[in-house]
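Dear colleague,

I am passing on to you the structure that follows, together with an account of what turned up when it was examined. Please keep the display open while you read, since the notes below go through it place by place.

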Amino acid sequence: MTPDAIEEQIARTATGDRAAFGVLYSATSAKLFGVALRVLNDRSEAEEVLQEVYVKVWHNADRYRANGLSPMTWLITIARNSAIDRLRKRREGQAGLDAAEAVADAAPGPEALVVQGSEREKLVGCFAELEEGRAAAVRRAYLQGESYAELAAAFDVPLNTMRTWLRRSLLKLKECLTR
Amino acid sequence: MTDGRQPYDEDDRILAGEYALGLLTPEEATRFEARLVQEPELRALYAAWAEDFVGMTDGIAEVTPPPNLLSRIEARIFGAAAKPSLMQRLGLGWVSGSLAAAAVAVVIGLNAGLFDTGPSAPADPAYVAQIAAEDGSLIVQAAYDADNGELYLRRDVGGAASGRALELWLIAGDNAPVSLGVLPETQAGSLTIPEGLRAQLAGGVLAISDEPPGGSPTGVATGAVLAIGPVSPT
């Protein structure tokens, strides 16, 4: 299904169209389930998260346009955040990640509007430009929900060093991605 | 850092990235979210990172969720009471109700591998169907072998109530449902499709009703329609 077609189903879902919701589920659930499985590595937990995700989608479909994300990014981000939140229930001390994709008011900002799919293809190349280990830290934060403290322990560096590394890496990454 | 902020302030750019990764402390994240509501530029920075980072999921393979998951989601959202029953929908018209279900059905049955435990399921079925109850309480996979006119059936979930039988019906176009016979009591089995009906499988809908032992005595469904599923070419 094309991004436009997915957007169409989200828009219809926002009006309470159950059939559109079903079509949206059919078109997107396999990707979102794959993401939840990857993060959680547990089938029953991933199924539980997938249910939570689509309940959120149903209730927040009317806010989709306000957040400035492309439709699959919106859906995958909800799935990733929900899965990470569940993963962190086994851990502690991190904030929930639910709020940003549900922000209700105002139009998307100018930068979001020009983001295109081609940016994604650049990501791999830009990761490769980072110093060794830095890209892995970003990946672990995104796909395993690791905190600065957990990353510092995993890479065996002081917490502040990890924080500095990662922030610099984000700047380099963005510089490369917008080049 | 409270005023004179530029739209693409470097610190905010980093902050938005940290937020998108989930690296902020709960207090930092709450503060960021409060700003997010107020500042479109910050939302744009967050959105840009979200688009960038989602690229990390590009290599993650799709995995089809279990067939009853949508029913479970719908039950959570709409509640069991809010759902029209199959009987109600079919009362409004067999075909329209069935086709609405067909439009939203996740076609799981397209994989011939699903039938690997069947009696002698076709390796290359002409048609397949997943005949499923809305609440996932009954799920039957069907695969049609055009070479011998056999419809192979595998009951994955649920079964006949005690002292009752499950009867399979074919609904083709505007025609009244035609019985294809009573489902085998075994988990997997097959029914021979009468020659006159074989051409009607394409584009048809299969339905399963609750009937007395031996099937409906009248030739039309007498019990509740438990499950329906569209027939799809492979």
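A residue is called buried here when its relative accessible area is under 20%, exposed when that value is over 50%, and partly exposed in between. By that cut-off B:R35 is buried, and B:E39 is buried as well. These two residues form a salt bridge with each other, in which the closest N and O atoms are 2.9 Å apart. Please bear in mind throughout that the model is a predicted one.

**Salt bridges**

Over all chains the structure holds 16 salt bridges, and a few of them deserve a closer description. The side chains of B:E18 and A:R167 meet in one, with 2.8 Å from N to O; this pair crosses between chains, since B:E18 belongs to helix α1 (residues 10–21) of chain B and A:R167 to helix α9 of chain A. The two partners can be placed by their accessibility: B:E18 has a relative accessibility of 2% and therefore counts as buried, whereas A:R167, at 30%, counts as partly exposed.

A further salt bridge is made by the side chains of A:K174 and B:D52, at 2.6 Å from N to O. This pair, too, crosses between chains, leading from helix α9 of chain A, where A:K174 lies, to helix α3 (residues 40–54) of chain B, where B:D52 lies. Here A:K174 has a relative accessibility of 4%, so it counts as buried, and B:D52, at 3%, counts as buried too. Apart from these pairs, A:R43, A:E47 and B:R72 are joined into one network by salt bridges that share partners. As general background, side chains of opposite charge can pair when their charged atoms come close.

**The disulfide**

How many disulfides does a search of the whole structure find over all chains? The search finds 1, and it joins A:C126 to A:C176, with 1.9 Å from S to S. Because the torsion about the S-S bond of these two residues is about -80°, the disulfide is left-handed. A:C126 sits in helix α6 (residues 118–129) of chain A and A:C176 in helix α9 (residues 159–177) of chain A, so the pair ties together parts that are 50 residues apart in sequence. Both A:C126 and A:C176 are buried.

**Helix α2 of chain A**

In chain A, helix α2 covers residues 18–40, and its end C-alpha atoms span only 29 Å, while a straight helix of 23 residues would span 33 Å at 1.5 Å a residue. The helix α2(A) also bends, by about 50°, at A:T28. At the N-terminal end of α2(A) the cap is A:D17, which has a side-chain oxygen 3.0 Å from the backbone nitrogen of A:A19. After the helix comes A:N41, with a positive phi near 55°. Of the 23 residues of α2(A), 17 are buried, which means that the helix is largely enclosed by the rest of the structure.

**Strand β4 of chain B**

Is strand β4 (residues 165–171) of chain B largely enclosed by the rest of the structure or left open? It is largely enclosed, because 7 of its 7 residues are buried. From β4(B), the residues B:A165, B:E167, B:W169 and B:I171 point one way, while B:L166, B:L168 and B:L170 point the other way, and all of these are buried.

The strand β4(B) has partners in β7 and β5 of chain B. It is joined by 7 bridges to strand β7 (residues 205–211), the two strands running antiparallel, and by 4 bridges to strand β5 (residues 178–182), again in an antiparallel arrangement. B:L168 is a useful place to look, since this residue stands opposite B:I208 in β7(B) and also opposite B:G181 in β5(B). Between β4(B) and β5(B) the hairpin has 6 residues, and in this hairpin B:G173 takes a positive phi near 55°.

**A contact in chain B**

Finally, B:L69 is found in helix α4 (residues 69–78) of chain B, and at 0% relative accessibility it counts as buried. Although B:L69 and B:G136 are 67 residues apart in sequence, their C-alpha atoms are 7.9 Å apart in space.

With kind regards

Definitions and conventions
Residues numbered from 1 in each chain as written. Chains lettered and ligands numbered in written order. Predicted model: local features only at pLDDT ≥ 70, side-chain atom pairs only at ≥ 80, totals over all residues. Heavy atoms only, no water. Expected span 1.5 Å × (residues − 1). Bend = angle between axes of the 7 residues up to and from the residue. Buried < 20%, exposed > 50% of the residue type's maximum accessible area, 1.4 Å probe, protein only. Polar contact = N/O pair within 3.5 Å; in protein donor to acceptor, adjacent residues only side chain to side chain. Disulfide = S-S within 2.5 Å. Pairing = 2+ DSSP bridges. Salt bridge = Lys/Arg side-chain N within 4 Å of Asp/Glu carboxyl O.
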